[in-house]
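This report walks through one protein chain, from its nonpolar cores to its sheets and hairpins. The model is predicted.

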Amino acid sequence: MVDRGASALSLPDDWPAHPDPILALNRMGSFDWDLDNGLFHMDAQAHEVFDLRPDEYDGHPESLAIRVPPPEGYRLDGLVSQAMKDGSENYGAYFRMRLRDGSLRWTHTQGYIRRDETGRPRRIIGIVRDATRELAESAARREQAAQDAALRRQTNIVQLTTAALAHARTVQDVIDVLKDTHGLVHLGATSLVMGLVEAGRIRLVAEGPEGSFVPGTEVTRIDEQYPMGEVVRTLAPAFIESPEEFAERYPLLWPHITDLDITAAAYLPLIAQARPIGAMGLLYNDRRGFTADERNVLVALGSSIAQSLQRAMFYEQEKDLAQGLQQAMLPRAIPSVPGADVAVRYRSAKLGRDIGGDWYDLIPLPGGRVGAVIGDVQGHDTHAAAVMGQLRIVLKAYAAEGHTPATVMARASVFLHELDTDRFATCLYAEADLSTGVVQVVRAGHIDPLVRQLDGTCRRMTVAGGLPLGLSAEFGRLEYPVSTVELDPGQTLLLCTDGLVEQPGADLDEGMQTLAALIASGPDDVRDLADLLIDVAEERGGEDDVALLLLRRRGQDAPRSGGRLQQHVAPGDSEALTEARHMIRAAVRAWGAGERSDEVELVADELITNALMHTEGSAIVTLRVLNGTERRLRVEVEDSSSALPRRREAGEDGVSGRGLLLVDMLTDVWGVEARGSGKCVWCEFLTPEGTGPEQTRSYPTGPEHPWPGPT
């Protein structure tokens with residue numbers, strides 16, 4: 001491992017007999033702390049700082065306790081221990097020291113930690129200096145500035161810059177504010193440079209205006225004779241009041257900036273939490289020297305910039321962490337779904353760690369069905385993202401277990417309620433049968449889905465809903481109504497979170513109308529449409545995440561509906577029952593059911609009879625032809641009861657009790673699915689190619705025959 005501490009501070013080979021001349025010029029003492037043997041060596045200047053004679057000090061840091069009061073010692077020990085533990089390369093601190101005459105004075109220390117190849121700290125070399133005058137003068141200047149009305153104009157420099165920096169979220173934002181022409185005008189400077197401390201070096205991150213870059217200064221060592229390195233070493237600003245002083249103090253830099261006609265400069269250490277994070281230089285060509293008030297204002301400016309920089313660094317770190325967590329919680333890939341085109345998109349809000357719990361999911365289910373999920377956990381933080389990940393997994397598990405949509409939502413609500421969290425979530429779950437186009441939708445406090453028609457128009461699908469997940473379990477209201485819609489080939493179902501809909505100054509209905517108009521004017525391809533919608537959300541900005549899922553039922557490959565007939569049969573309405581049987585008989589012959597016609601009629605009649613006898617409600621009979629790799633005739637009987645059908649033993653007369661046995665024996669496949677507040681019993685028959693449903697137009701209709709014909 002590279003000894004990064006060595007580049008931060010070096011001691012001469014004959015130290016401590018001959019201290020570093022730069023440190024000596026700045027009246028700083030130096031020390032070398034061997035962590036292996038515990039010895040703390042100091043040079044003569046350091047002895048003076050601690051007010052100790054060489055014969056009064058035995059080389060052990062514990063001996064310094066006679067000068068460092070216990071509270072200050074505990075604080076310094078904690079600071080050094082933490083720096084070694086968390087991998088820091090340096091530390092710095094101000095502390096009070098008691099002199100031999102009993103008086104207290106402020107002292108500053110800066111240490112650089114050197115580690116071995118394994119990263120274990122081995123040595124700490126550093127500096128100590130008397131900071132009493134520095135702190136006293138700084139306090140006096142601040143007090144004087146507050147009382148001096150003449151300083152108000154210069155204080156505006158800090159206020160204007162700070163106001164601009166208040167909106168800066170990233171390091172680049174801070175740089176842009178400072179490099180902006182108006183920023184330089186506010187500062188009264190001709191040129192600006194700024195560097196950040198990285199691994200014992202200073203990396204230049206900003207220089208302006210263009211053309212003022214000095215070759216070889218993009219990365220410099222802190223111990224090199226450059227002004228930014230000096231202010232980082234000393235943690236004190238450097239004010240250069242004339243070209244002659246600049247040339248004398250910094251001979252490496254001055255020859256490269258003579259073309260800029262610099263007459264004065266101010267270099268400021270950027271200090272946050274008592275450690276240097278960088279340095280900034282302001283160069284002038286219209287002044288010589290700085291008054292005490294001007295220096296004070298610039299020091300305050302450096303402090304403001306340092307705080308903004310540190311906030312921006314924290315923001316970027318938290319943003320990366322939050323986005324990484326959220327992306328890990330979302331599906332890595334969306335599975336391919338036969339019979340459908342699917343597109344998903346996600347946009348995170350630009351609010352640092354304030355990410356949301358938005359999610360999407362697509363769940364392949366047996367029988368050519370698919371579950372589509374969109375949801376949003378309350379809150380904008382990493383906890384919301386963590387809750388989202390757990391909720392997504394359990395909801396997917398409940399759906400894969402074969403539960404009805406209403407049950408999936410209810411169980412997910414109970415799960416969220418039982419988590420150790422106070423968050424709730426809105427969610428919408430749509431379960432689609434791509435062979436028939438039937439989509440069952442359950443909504444838990446979420447916004448409605450939208451459906452794009454074949455002609456490009458888009459409408460909002462109003463869905464009855466229940467309370468958000470977590471709240472419905474809290475209040476014991478776990479009943480979720482199920483809405484049903486038929487998705488024809490070519491139609492697109494769109495699910496999204498409210499970040500795509502909400503707009504400043506507009507209510508939800510207006511936002512839904514705007515979104516519907518945008519979808520109607522968008523491209524037909526779901527991927528292109530998804531890109532358009534997420535681009536619009538990006539341009540709009542906003543403080544909420546956006547999750548988006550589009551599912552378009554394909555007209556090819558997937559089974560296609562060759563026609564549909566439907567009849568409503570009320571209980572006790574013998575005429576409607578007769579007409580339903582007539583419809584079934586006519587349809588199976590017109591659609592070419594062949595030798596299976598009798599089987600279709602018998603099973604359909606049995607399902608209708610069961611619905612009327614055992615539910616005490618109406619029955620809705622639907623017949624469809626499905627044209628896919630195999631041609632099938634599908635019978636559906638929907639009723640208002642949620643009770644599942646069950647097989648019973650035949651009675652003594654042998655007339656009843658064989659309904660489900662007949663259905664199971666005569667059909668190729670059958671099943672039960674939830675529909676709204678009731679259920680649908682369905683079955684399918686493989687049939688030969690027939691003449692098609694168009695021939696059913698010749699069958700009787702009208703008031704006496706309310707059969708609606710093909711739709």
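## Nonpolar cores

The largest nonpolar core has 30 residues. Ile584, Ile608, Leu623 and Val635 touch the most other members of this core. Seven elements are listed as each supplying at least two of its residues. The helices are H18 (574–590), H19 (597–615) and H20 (659–666). The strands are E23 (560–569), E24 (619–627), E25 (631–639) and E27 (678–686).

Val635 shows how these parts meet. Setting aside neighbours within four places in sequence, Val635 contacts Val600, Ala604, Thr622 and Leu623, along with Val681, Trp682, Cys683 and Phe685. Apart from this core lies another, of 29 residues. Leu165, Ala168, Val171 and Leu298 are among the members of that other core. As a general point, nonpolar side chains in soluble globular proteins tend to be buried together.

## Helix H18

H18 supplies residues to the largest core. Its buried residues are Ala576, Leu577, Glu579, Ala580, Met583, Ile584, Ala586, Ala587, Val588 and Ala590. The length of H18 also checks out. Its 17 residues should span 24 Å at 1.5 Å a residue, and the end C-alpha atoms are 24 Å apart, so the two agree. Just after H18, Gly592 takes a positive phi of about 75°.

## The five-stranded sheet

Five strands form an open, antiparallel sheet. Their order is E12-E22-E21-E17-E18. Strands E12 (340–347) and E18 (458–460) stand at the edges; each has a single partner strand, so one side of each lacks a neighbour in the sheet. From one strand to the next, the twist averages 20°.

Helix H17 (526–540) packs on this sheet. H17 touches E12, E17, E21 (492–496) and E22 (546–553). The direction of H17 makes about 15° with that of E12. At the E18 edge, E17 (450–452) pairs with E18 over three antiparallel bridges. Arg452 stands opposite Cys458 in E18.

## Strands E16 and E20

E16 (438–444) and E20 (483–486) are joined by four bridges in the antiparallel sense. Val441 has Ser483 in E20 as its bridge partner.

Which face of E20 is covered, and which is uncovered? Ser483 and Val485 make up the covered face. Thr484 and Glu486 make up the uncovered one.

## Strand E10 and its partners

E10 (264–272) has nine residues, and eight are buried, so this strand is largely enclosed by the rest of the structure. E9 (238–240) pairs with E10 in the antiparallel sense, over three bridges. There, Phe239 has Ala266 as its bridge partner.

E10 is also joined to E11 (275–284), by nine bridges. These two strands run antiparallel. Tyr267 stands opposite Gly281 in E11. E10 and E11 form a hairpin with two residues between the strands. In that hairpin, Gln273 takes a positive phi near 55°.

## The chain overall

The chain has 711 residues, and 50% of them count as buried. Its secondary structure comes to 20 helices and 27 strands. Among contacts between residues at least 6 apart in sequence, 64% join residues at least 24 apart. The chain exposes about 33,100 Å². Carbon and sulfur atoms supply 51% of that area.

Conventions. Residues are numbered from 1 along each chain as its sequence is written. This is a predicted model: local features need pLDDT of at least 70, side-chain atom pairs count only at pLDDT 80 or more; totals for chains, interfaces and linings use all residues. Side-chain values use heavy atoms; hydrogens and water are left out. A nonpolar core is a set of buried Ala, Val, Leu, Ile, Met, Phe, Trp, Tyr and Cys residues joined through side-chain atoms within 4.5 Å. Buried means under 20% relative accessible area, exposed over 50%, partly exposed in between (1.4 Å probe, protein chains only). Contact means heavy atoms within 4.5 Å. Two strands pair if DSSP finds at least two bridges between them. Axes are lines fitted to C-alpha atoms, for helices over the stretch in contact, and angles run from 0 to 180 degrees between N-to-C directions. Accessible areas come from the Shrake-Rupley method with a 1.4 Å probe; for residues, only the protein chains shown count as cover. The expected span of a helix is 1.5 Å times one less than its number of residues.
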